[in-house]
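Reader: I am new to this kind of picture. Could you walk me through it, feature by feature?

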Amino acid sequence: MTTVIDGKAVAASVIETVKSATRTLETEAGVRAGLAVVIVGEDPASHAYVSAKSRMAKECGFLSVQHTLPKETSQEELAALVAELNADPSIHGILVQLPLPKHLQSEPIIQSILPEKDVDGLHVVNAGKVATGDLDGGLVSCTPAGAMVFVRRTHGDDLSGLNAVVIGRSNLFGKPMSALLLAANATVTTAHSRTKDLPAVCRNADILVAAVGRAEMVKADWVKPGALVIDVGINRVPAPERGEGKTKLVGDVAFEECARVASVITPVPGGVGPMTIAMLMANTIIAAYRKAGRKPPKF
């Protein structure tokens, strides 16, 4: 029988660990974890994400601060707010919601966040720590961190002797995911659009991670029998069966057929997605523990 991972249930267990760690830090060290979220403009999808993040931060017991700035905000004004949050000792995590309005440059803003407060894990210092295997010193980008929770719960902490294939080489997901698997002793192949005979490469994988943004690209004959398949893709496709003009979300993996071959698989939606906000909360409490000079919880 194939196990379909329930991302919501795993995310809920991560949040329970965060809540417990938050209470412990407040009781034993008198420190309340603080998360500041900054949003610029009126993009409805971004506002929905930010509301969910702020709600979850409050639920975890954090000091939750939200800065909503008008879309006319200048680069200098946004940089000044980040500098203010960097200097604020009550804030342990800073998140600037992307994308920013077109007239603003996101990269200088992201790189101006102190690495130890960069709970999105996008600063070059944090990316570099992940790339060099320093997982106890940096903050890991939330989506790969969430995918690794699934890997550890399936195979344990040590992946020695297992082959992993990551399809996708983006800085946001593919590269850090490959680095995390490598740090756990897997033998890792990073595959992409230029890889020769991609199906044959994937068939060698005990752990197959798809993150390319191509709807249902991975077919059953790409999957090694008994593999763990993690689908990071989110693609909206037409769904005429639901009525005219209707759409549905699918991943990069043809779920129904691959589920018959894999031993463990993540669905879309409801797999990796819920983990992203959960790992953002995990990164915030990790940052707060480190600032207090205490050993952070493991996730």
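Author: We will go through a domain record, two sets of strands, a proline and a pocket. One thing to keep in mind is that this is a predicted model.

Reader: Let's begin with the record. Which residues does UniProt list for the catalytic domain?

Author: An unreviewed UniProt entry lists residues 5-120 as "domain: Tetrahydrofolate dehydrogenase/cyclohydrolase catalytic". In the model, that span is 51% helix and 16% strand, and its end C-alpha atoms lie 24 Å apart.

Reader: Thanks! Now the strands. How should I read a sheet?

Author: Here is the general idea: strands of a sheet pair through backbone hydrogen bonds, and the pairing is either parallel or antiparallel. In this structure, one open sheet has 3 strands in the order E3-E2-E4, and their pairing is parallel. Strand E3 (63-69) and strand E4 (93-96) form the edges, each pairing on one side only. On average, neighbouring strands of this sheet are turned by 15 degrees against each other, direction ignored.

Reader: How many bridges join E2 to E4?

Author: Strand E2 (residues 34-40) is joined to E4 by 4 bridges. To find one of the partners, look at Val38, whose bridge partner in E4 is Val96.

Reader: And what does E5 pair with?

Author: E5 pairs with strand E6 (residues 187-191) in the parallel sense, over 5 bridges. Here Ile167 stands opposite Ala191 in E6. Strand E5 (residues 163-167) is mostly covered, as 4 of its 5 residues are buried.

Reader: How do I tell how covered a single residue is? Take Pro108: why does it count as partly exposed?

Author: Look at the relative accessible area: between 20% and 50% a residue is called partly exposed. Pro108 has a value of 40%, so it is partly exposed. You will find Pro108 in helix H4 (residues 106-112). Val130 is 22 residues away from Pro108 along the chain, and their C-alpha atoms are separated by 20 Å.

Reader: Last, the pockets. Which residues lie nearest the centre of the second largest pocket?

Author: A good way to read a pocket is to take its space, then its lining. The second largest pocket holds about 690 Å³ of space. Its lining has 25 residues, and Leu135, Asp136, Arg152, Lys298 and Phe299 lie nearest the centre. Helix H6 (142-155), helix H7 (174-183) and helix H10 (273-291) are the elements that give two or more residues to this lining.

Reader: What kinds of residues make up the lining of that pocket?

Author: The lining of the second largest pocket divides into 15 nonpolar, 4 polar and 6 charged residues.

Technical notes. Residues numbered from 1 in each chain as written. Predicted model: local features only at pLDDT ≥ 70, side-chain atom pairs only at ≥ 80, totals over all residues. Heavy atoms only, no water. UniProt positions renumbered as here; feature names shortened; annotations may be inferred. Pairing = 2+ DSSP bridges. Axes fitted to C-alpha atoms, helices over the stretch in contact; angles between N-to-C directions. Buried < 20%, exposed > 50% of the residue type's maximum accessible area, 1.4 Å probe, protein only. 1 Å grid on protein atoms, 1.4 Å probe; cavity = no way out; pocket = protein on both sides within 12 Å on 5 of 7 lines; lining within 4 Å. Points joined across faces, edges and corners; volume = space filled by probe spheres on them. Nonpolar A, V, L, I, M, F, W, Y, C, P; charged D, E, K, R; others polar.
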